[in-house]
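Thanks, everyone. Let me put the model up, and then I'll walk through a few spots on it.

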Amino acid sequence: MEPEALKYENLKPALAQYEARGRGESIAFLSWFLENIFRLDNVSADDSICDRPNDRGIDGIYVDHTLEEVQILQGKLKQKESSIGDAPLRELAGTLTQMKNAESVQALIDGGANEELKRILVRHNIKDLISKGYEVVGLFVSNQPLDSNGQEFLDSHQGILVYDRNRIANEFIEIEKAGGITGSYTFDTSYVSPMVIRTGTRATTYVIPVQALELVGMDGIDDGTLFTQNVRQSLGNTKVNKALRSSVTQPTEHENFLLYHNGVNILCDSAQLDEENEKLVISNYVVVNGAQSITTFRRARSSLSPDLRVLAKIIQIKDPDLSKKITINSNNQNAIKPRDLKSNNEIQLRLREEFSRVEGGVYDLEIKRGQEIDSSKILITNEEAGRLLLAFDLMSPESCHQVYKVFDDRYSDIFARPEVNAHRVIFLYLLNERIQKVAENINYRPLAKYGLTRFFLLSVASDLIRANKDTVAYYQDPSALFASGALSKFMDGIEVILRSIVIDLNYEVEEMGDQFDYKGDLKSPTKIKNLRTKLLRSYEKDVARDKAPLLNTFMV
């Protein structure tokens with residue numbers, strides 16, 4: 001994003017959907033910021049905001065459990081060109097004094113502040129978090145640039161951060177949400193006239209049996225852009241795809257194909273039926289259901305014949321909400337998983353785009369089943385990324401076998417956080433590789449190969465990194481390890497220490513004997529926590545006896 005895009009007249013159109021939620025301009029801008037820069041989903045963003053009268057200068061509160069910070073948000077959207085000086089930052093500093101300790105927070109809850117602010121304070125347990133040592137930090141968010149007076153004030157006040165025009169523009173990841181093909185395409189209607197169905201003023205549908213030979217002529221099949229809004233793409237050797245290929249390669253089956261194929265759905269901005277010339281011309285189109293079929297036709301186009309037809313629903317529509325419902329409800333040939341429904345989510349699209357910008361683009365994030373992948377890149381699926389984040393960040397290794405949670409009830413907790421970026425996911429991917437090597441030293445082989453064992457060890461590594469004052473910064477932001485070139489050495493240190501911890505794990509397993517139920521124990525949060533505590537205490541004793549190294553010794 002260019003900084004000029006954050007000027008009022010340029011930014012205003014993007015804020016319309018946020019103002020539609022009943023927010024003022026500045027709060028709408030803050031909502032936009034939370035979703036696009038902090039990467040929260042819209043529910044989490046709304047839950048963080050307080051914009052009622054008597055909010056005591058607090059526009060929102062976000063709790064960052066990774067950094068152990070209570071972040072007090074102030075948003076300022078300015079119409080006229082100006083700059084951020086020291087005056088608004090001094091006001092924010094004054095606001096922060098209301099949160100200086102647990103007693104101050106309780107005074108806010110008991111006082112005359114508005115009820116929405118009080119609910120946020122109670123819902124996020126702000127009083128308890130501050131008592132536990134969470135730092136209170138002010139975040140000033142504005143579409144204007146910071147000036148020298150503002151910078152001078154910041155240099156002397158470490159408890160305030162400013163997201164100004166330049167910083168926001170630098171951190172914004174642009175994504176192409178709409179996708180599809182820009183341009184026109186023509187279908188032959190001489191075989192049979194389309195059935196035309198008008199759904200009020202929202203959509204017009206043309207139902208027509210089209211030749212597979214016509215479908216494979218559309219642009220964007222090979223690179224997947226035709227299927228951008230499809231919740232999944234070609235799924236490979238599924239039962240459905242095998243049967244599909246079998247029918248395509250048997251000419252005697254072509255005339256029957258229409259009888260047992262569910263058809264394809266194509267959304268477009270416009271569709272013009274030319275009855276005189278027997279043509280249907282569509283423009284700006286995308287396939288939302290049928291990626292598997294069209295991809296199969298493309299790969300087997302030498303076997304296609306004019307007799308092989310597919311029922312196509314071509315829908316002229318410009319209603320994004322209705323388009324989304326059509327996309328979800330029309331995908332029924334293979335069961336839709338929660339992951340599929342998140343494949344076009346902005347958080348996933350933005351994260352994948354970020355992957356292309358870091359580490360020379362050598363890593364790629366798969367966010368959609370059947371997505372075309374560059375074989376020269378190292379692939380990380382967002383399903384795997386979510387499970388690693390669930391174990392390492394949220395300390396819930398016991399839930400990592402319940403993959404549906406990653407994209408369902410725990411989705412926002414896992415992905416919708418500002419610290420979840422490409423470097424963090426890659427860091428956990430590399431750490432997991434080391435953990436899998438270490439797990440080979442577990443004597444009890446069923447435990448060594450058990451699916452939850454690596455996630456348990458990942459939670460141990462999380463505790464290990466956070467417990468050391470010299471390495472906790474890498475837990476909070478591992479990108480520094482990449483930038484400094486110290487990543488490999490850091491991983492070596494974790495591997496050495498985990499090998500030592502696995503020796504103690506072997507002892508614990510042996511001592512428990514038949515009482516150790518790894519299938520049950522690794523699904524119990526209480527038992528996992530107790531076992532992790534035992535192992536880390538044993539490691540600390542070894543450190544005290546000079547039998548094991550500290551992790552920070554590998555950073556020298």
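Start with charge on the surface. Four residues make a positive patch: Arg 537, Lys 541, Arg 545 and Lys 547. Keep in mind that this is a predicted model.

Take Lys 541 from that patch. Where does Lys 541 sit? In helix H27, which covers residues 525–544. Its relative accessible area is 49%. Exposed would need over 50%. So Lys 541 is classed as partly exposed.

Now move to Ser 356. This residue lies in a loop. Helix H17, residues 346–355, comes before that loop, and strand E11, residues 363–366, comes after. Buried or exposed, or in between? Ser 356 has 38% relative accessibility, so the label is partly exposed.

What does the side chain of Ser 356 reach? The backbone oxygen of Glu 353, at 2.5 Å. There is also a pairing across the sequence. Ser 356 and Ala 422 are 66 residues apart along the chain. Their C-alpha atoms are separated by 8.9 Å.

Last, the whole protein. How many helices and strands are there? The count is 27 helices and 12 strands. Along the principal axes, the C-alpha atoms fill a box of roughly 85 × 65 × 40 Å. The protein has 556 residues, and 52% of them count as buried. Lys 541 and Ser 356 are not in that group: Lys 541 is partly exposed, and Ser 356 is partly exposed.

That's the tour. Questions, please.

Key:
Residues are numbered from 1 along each chain as its sequence is written. This is a predicted model: local features need pLDDT of at least 70, side-chain atom pairs count only at pLDDT 80 or more; totals for chains, interfaces and linings use all residues. Side-chain values use heavy atoms; hydrogens and water are left out. Patches are made of residues with over 30% relative accessible area and no salt bridge: like charges are joined within 9 Å, nonpolar side chains (Val, Leu, Ile, Met, Phe, Trp, Tyr) within 5 Å. Accessible areas come from the Shrake-Rupley method with a 1.4 Å probe; for residues, only the protein chains shown count as cover. A salt bridge is a side-chain nitrogen of Lys or Arg within 4 Å of a carboxyl oxygen of Asp or Glu. Lys and Arg count as positive and Asp and Glu as negative; His and the chain ends are not counted. The place of a charge is taken as NZ of Lys, CZ of Arg, CG of Asp or CD of Glu. Helices (H or I, at least four residues) and strands (E, at least two) are DSSP runs, numbered from the N terminus. Buried means under 20% relative accessible area, exposed over 50%, partly exposed in between (1.4 Å probe, protein chains only). A polar contact is a pair of N or O atoms within 3.5 Å; within protein, one must be able to donate a hydrogen and the other to accept it, and residues adjacent in sequence count only if both atoms are side-chain atoms.
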